[in-house]
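Please open the structure in a viewer and keep the selection panel at hand. The tour proceeds by selections, each followed by a description of what is found there.

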Amino acid sequence: MLLSRLLERTVRVGTLKVIDADGKQHTFSGRPGPEVTIRLHDRALHYKLLVNPNLYLGEAYMDGTLTIEKGTLPDFMEVVTSNLEFGQTLPLYSLYDRLCWLWRRFQQYNPVSRSRIRVAHHYDLPDRLYDLFLDQDRQYSCAYFQTPDDDLETAQVNKQRHLAAKLLLEPDQKILDIGSGWGGLAHFLARAGGGEVTGLTLSQKQLKTAKRRTAKAGLSGKVRFHLRDYREETGTYDRIVSVGMFEHVGVNHYPEFFDKVKELLSEDGVCLLHSIGRMAGPSTTSSWIRKYIFPGGYSPALSEVLAAIEGSGLWVTDIEILRLHYADTLRAWRRRFQANRDKVADLLDERFCRMWEFYLAASEAAFRYGDHFVFQVQLAKRRDAVPLTRDYITEWERVSAAEAIPTAARLAA
């Protein structure tokens, strides 16, 4: 196989054994790492995986034309991700990367109408699905593991508390949550700070669930949600938060996003942006992720984000990098998904299960072995809008934990 020649030059970590469609085994080894054996059931894969592994590897796993004979899917993803840097230096893939770069602005063109369609692709799946692998508050973003013993529920409350501390909440503030999901963070902020929270989402199903949960928690007078794009919002807010939404904005729209934040933010206001980023500089989104999971999505390099912030005239008052927190979050999601896999198969089908398995395992590997991380950037119009040291964050979290501010999910249970 030509594919065999490629893998000989690429696999430098771990051992990968490939049984081709004719039953012949090929072995590729590097320094110590996972040992994985895969089988290809379709001769077309010999060429597809050579030409576009970014797309066809995931599709082959989804379709069952690639199966794992020894090891696990996370083991396989570790081998793949750990060796990506070696494959990217080969002329064929360097050319492929350059071509993808030329198209990335078109792929990430997300006007309001297209954003609604793309959000629905992922977030308007059956509501029950998310109950089967997320925590009880449906936090679909990176958790914050303060100790190795934290479970997912604890780590997600830690995350909400950490965000709230950086927002410097006070009573009677107006708070905007851009990309409010199923409403859990908005509920937490309303209870923790005593202000009024407005949440924006483009998902019909998220909106319905968030409103139902808000009424059940008795927060209808403090929290409201709208099916609305951030570009359509008006008014002035003391605090703005956005968690796990910026990945859907697209590089074309970064100046537009931060200009809108500046327009909506009060003169002494504070904004906190929580997003996936990448360490190795600007790049493109995997063609498989773009096609099946997050159409129009992109995890930016900080250099791309900071350039847009500079253009807006906002002050960057704090930056924090969360390196392995999302890897641990995804591992917890993956394990919960596997524990409920039969229920997901009944809800959807086997191919969807394999797609979601691949998505969770590949994403975990990107954070554990690749170049992905999470960043939290705090923004303000004025340089003195927040204290001069970071001590206030730790102190607020300490007091909040002692008072045991509960999440809306626990209150509504």
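The stops below cover two sheets, selected helices, the nonpolar cores and a loop.

The model is predicted, and every value given here is computed from it.

**The seven-stranded sheet**

Begin with the open sheet of seven strands, whose order is 7-6-5-8-9-11-10 and whose pairing is mixed. Its edges are strand 7 (223–227) and strand 10 (315–322), each of which pairs on one side only. Direction ignored, neighbouring strands in this sheet are turned against each other by 15 degrees on average.

Select next helix 9 (residues 152–167), which packs on this sheet. Helix 9 touches strand 8 (237–243), strand 9 (265–278), strand 10 and strand 11, and its direction makes about 145 degrees with that of strand 9.

**Strand 9 and its two partners**

Colour strand 9 by accessibility. How many of its 14 residues are buried? Twelve are, and the strand is mostly covered.

On one pairing, strand 9 meets strand 8 in the parallel sense, over six bridges. To locate this pairing, display Val243, which stands opposite His274 in strand 9. Following the chain from strand 8 to strand 9 leads through helix 12 (residues 254–264), and this β-α-β crossover is right-handed.

Strand 9 also pairs with strand 11, here in the antiparallel sense and over nine bridges. Gly277 and Phe373 in strand 11 stand opposite each other.

Continue from strand 11 (residues 372–380) to strand 10: the two run antiparallel and are joined by seven bridges. Trp315 can be selected together with Ala380 in strand 11, which it stands opposite.

**Gln156 in helix 9**

Return to helix 9 and select Gln156, which is placed in this helix. Is Gln156 buried or exposed? Gln156 counts as buried because its relative accessibility is 1%, below the 20% cut-off. Leaving aside neighbours within four places in sequence, show the residues in contact with Gln156: Asp135, Gln139, Ser141, Cys142, Ala143, Thr329 and Trp333.

**Helix 15**

Two of those contacts, Thr329 and Trp333, lead to helix 15 (residues 325–339). This helix has 15 residues and spans 21 Å from its first C-alpha to its last, close to the 21 Å expected at 1.5 Å a residue. Which residues of helix 15 are buried? They are His325, Tyr326, Ala327, Thr329, Leu330, Ala332, Trp333, Arg334 and Phe337.

**The nonpolar cores**

In soluble globular proteins, nonpolar side chains tend to be buried together. The largest nonpolar core of this model has 66 residues, and those with the most contacts inside it are Tyr140, Trp288 and Trp356. Helix 17 (residues 350–368) provides the largest share of this core, ten residues.

Centre the view on Tyr140 and display its contacts, not counting residues up to four places away in sequence. Tyr140 touches His122, Tyr123, Tyr130, Phe133, Leu134, Trp182, Phe294, Tyr326, Trp333, Trp356 and Tyr359. Another core lies apart from the largest one and has 28 residues, among them Leu200, Val251, Phe257 and Val305.

**The loop between helix 9 and strand 5**

Most residues other than glycine have a negative phi, and most peptide bonds are trans. Select Leu168, which is not a glycine yet has a positive phi of about 50 degrees. Leu168 is found in the loop between helix 9 and strand 5 (174–178). At 18% relative accessibility, Leu168 counts as buried, since the cut-off is under 20%.

Select Asp172 next, located in the loop between helix 9 and strand 5. Asp172 is likewise not a glycine and has a positive phi, of about 70 degrees. Is Asp172 buried or exposed? Asp172 is exposed because its relative accessible area is 67%, over the 50% cut-off.

**The four-stranded sheet**

Finish with the open sheet of four strands, in the order 2-1-3-4 and with mixed pairing. Strand 2 (25–29) and strand 4 (66–70) are its edge strands, each pairing on one side only. Neighbouring strands of this sheet are turned by 25 degrees against each other on average, direction ignored.

Select strand 1 (residues 13–19) with strand 2: the two pair in the antiparallel sense over five bridges. As a last selection, display Ile19 together with Gln25, its bridge partner in strand 2.

Technical notes
Residues are numbered from 1 along each chain as its sequence is written. This is a predicted model: local features need pLDDT of at least 70, side-chain atom pairs count only at pLDDT 80 or more; totals for chains, interfaces and linings use all residues. Side-chain values use heavy atoms; hydrogens and water are left out. Two strands pair if DSSP finds at least two bridges between them. Axes are lines fitted to C-alpha atoms, for helices over the stretch in contact, and angles run from 0 to 180 degrees between N-to-C directions. Contact means heavy atoms within 4.5 Å. The expected span of a helix is 1.5 Å times one less than its number of residues. Buried means under 20% relative accessible area, exposed over 50%, partly exposed in between (1.4 Å probe, protein chains only). A nonpolar core is a set of buried Ala, Val, Leu, Ile, Met, Phe, Trp, Tyr and Cys residues joined through side-chain atoms within 4.5 Å. A crossover is right-handed if, with the strands pointing away from the viewer, the path from the first strand over the helix to the second runs clockwise.
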